[in-house]
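Here are some exercises to work through with the model open beside you. Try each task before you read its solution.

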Amino acid sequence: MSDNFNLIDPNYYISPLDVSDYEIGFLMKILKKMLLIRFTEECLASNKKEGKIGSPVHLGIGQEAIATAISECLNKEDYIFGNHRSHSHVLSLGTNLQSFFAEILCKSSGLSGGRGGSMHLIDESVGFYGSVPIVAGTVPLAVGAGFTSKLKKNKSISVSYFGDGAIEEGVVHESLNLARINQLPVIFVLENNLFSSHLHISQRQPSPFSSRYSKANDIESFLVDGNNVLELFKCASKIISNCRNKHRPYFIEAVTYRWLGHVDWREDIDVGVSRSKTDIEKWKRRDPIKRLEDSLLNKCLTTKKDLKNIRDELKSYVEESWIKALNASKPNPDSLIDHVYRQ
């Protein structure tokens with residue numbers, strides 16, 4: 001596991017990954033999943049810029065490795081909770097892409113009938129129990145789901161994704177304590193992209209890392225390179241197995257960087273107090289997708305032509321799904337209060 005300050009320096013961790021312990025089928029599977037998330041969010045960015053999406057979209061381009069690796073270790077009986085930047089979380093679980101797009105376009109065929117938009121995603125069929133724009137709002141819900149698993153004495157776990165801004169909310173610390181004191185099967189996943197909205201962590205905290213808070217609550221934590229999908233998978237597979245079988249919480253802090261700004265397609269190099277075009281370009285050298293592709297090419301496990309074909313196929317799938325969602329019908333105004341309460 002990584003444990004040094006080089007994690008926040010984009011000049012480090014840019015080398016290809018060590019793929020020697022993995023089968024080619026698995027490597028291609030996670031590569032395709034990361035590419036699908038990347039192309040889906042690029043599609044959203046482009047269409048938001050063109051004015052085809054009415055609601056705000058919080059994009060996580062550059063952060064695809066985290067959800068991809070963790071979702072590979074989950075079962076459909078598990079409970080997954082996200083936040084306002086949760087496209088990768090639900091996409092990595094295998095949600096229907098056309099319904100995902102339809103939700104963001106507020107169409108009736110959306111994941112929740114077009115009521116929620118980008119920030120209120122839910123798909124119980126894949127184990128995703130919701131995202132909300134209230135910072136840290138779903139963290140205690142994940143703890144509650146952990147209580148459910150404990151009371152039912154089953155093997156389900158819950159996963160709570162949140163950012164480095166959310167860790168500054170008091171409810172996260174209450175949730176950590178509650179999960180630990182009751183020994184609940186909850187994986188807390190901190191996606192540390194170094195920014196809370198537009199403010200860099202160096203201007204908010206005495207340390208760039210927040211896993212220290214888990215130590216204060218006697219929860220075992222792991223600090224990892226969030227742009228190394230294989231390191232993340234290795235870490236997640238071990239602790240999720242322990243969490244599932246031993247019923248205890250764990251904490252993963254994955255250091256990463258979002259290529260776009262806080263919301264929509266802009267890079268936010270004009271409003272961020274310490275975000276510059278140079279920083280973004282440096283961080284793109286730590287691209288989790290390129291590092292895996294380079295690894296596969298270096299080991300002669302694939303060819304540039306094969307990778308191009310994979311990219312072309314996925315881009316076509318994303319474009320077709322977008323067009324179908326765009327042409328879907330809008331909800332009937334008479335159904336305005338439908339879905340407010342579960343019947």
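Two strands pair if DSSP finds at least two bridges between them. Helices (H or I, at least four residues) and strands (E, at least two) are DSSP runs, numbered from the N terminus. The model is predicted: local features need pLDDT of at least 70, side-chain atom pairs count only at pLDDT 80 or more, and totals for chains, interfaces and linings use all residues. Residues are numbered from 1 along each chain as its sequence is written, and side-chain values use heavy atoms, with hydrogens and water left out.

**Exercise 1. The sheet**

Work out the strand order of the open sheet of five strands, and find which strands stand at its edges.

Solution.
- Begin with the order, which reads E1-E2-E3-E7-E6, with parallel pairing.
- Next, look at the ends: strand E1 (79-81) and strand E6 (221-225) each have a single partner strand, so one side of each has no neighbour in the sheet.
- Then follow the twist, which averages 15° from one strand to the next. For angles here, axes are lines fitted to C-alpha atoms (for helices over the stretch in contact), and angles run from 0 to 180 degrees between N-to-C directions.
- Now take the pair E3 (residues 186-192) and E7 (residues 250-255): six bridges join these parallel strands. Within that pair, Phe188 has Phe251 of E7 as its bridge partner.
- Finally, see what packs on the sheet: helix H5 (residues 139-152) touches E1, strand E2 (158-163) and E3, and its direction makes about 170° with that of E2. Contact means heavy atoms within 4.5 Å.

**Exercise 2. Strand E6**

Is E6 mostly covered or uncovered, and which way do its residues point?

Solution.
- Start with the cut-offs: buried means under 20% relative accessible area, exposed over 50%, and partly exposed in between (1.4 Å probe, protein chains only).
- Apply them to E6, and five of its five residues are buried.
- Recall a general rule: in a regular strand the side chains alternate between the two faces of the sheet.
- In E6, Ser221, Leu223 and Asp225 point one way, while Phe222 and Val224 point the other way.
- Turn to the partner strand: E6 and E7 pair in the parallel sense over five bridges, and Leu223 stands opposite Glu253 in E7.
- Last, trace the connection: E6, helix H8 (residues 229-246) and E7 form a right-handed β-α-β unit. Right-handed here means that, with the strands pointing away from the viewer, the path from the first strand over the helix to the second runs clockwise.

**Exercise 3. Two helix pairs**

At what angle does H5 pack on helix H6 (residues 170-181), and at what angle does helix H2 (residues 64-71) pack on H8?

Solution.
- H5 and H6 pack at about 15°, with their axes 9 Å apart. That makes the two helices roughly parallel, a label for angles under 35 degrees (over 145 is roughly antiparallel, 65 to 115 roughly perpendicular, the rest oblique).
- The crossing of H5 and H6 is left-handed: a crossing is left-handed if the near helix is turned anticlockwise from the far one by less than a right angle, and right-handed if clockwise.
- At this contact, Val139, Pro140, Val143 and Phe147 of H5 meet H6 residues including Val171, Val172 and Leu178.
- For H2 and H8, the angle is about 35° and the axes are 8 Å apart. Their crossing is right-handed.
- Among the residues that meet there are Ala65 and Ile66 in H2, and Leu232 and Phe233 in H8.

**Exercise 4. Positive phi**

Where are Cys106 and Ala136 found, and is each buried or partly exposed?

Solution.
- Keep the background in mind: most residues other than glycine have a negative phi.
- Cys106 has a positive phi of about 60°, and Ala136 has a positive phi near 70°.
- Locate them: Cys106 is in the loop between helix H4 (97-104) and H5, and Ala136 is also found in the loop between H4 and H5.
- Check accessibility: Cys106 is partly exposed at 34%, whereas Ala136 is buried at 6%.

**Exercise 5. A buried residue in E3**

Which residues does Asn192 contact, leaving aside its neighbours within four places in sequence?

Solution.
- Place Asn192 in strand E3.
- At 0% relative accessibility, Asn192 counts as buried.
- Its contacts are Asp164, Ile201, Pro208, Phe209, Glu253, Ala254, Val255 and Thr256.
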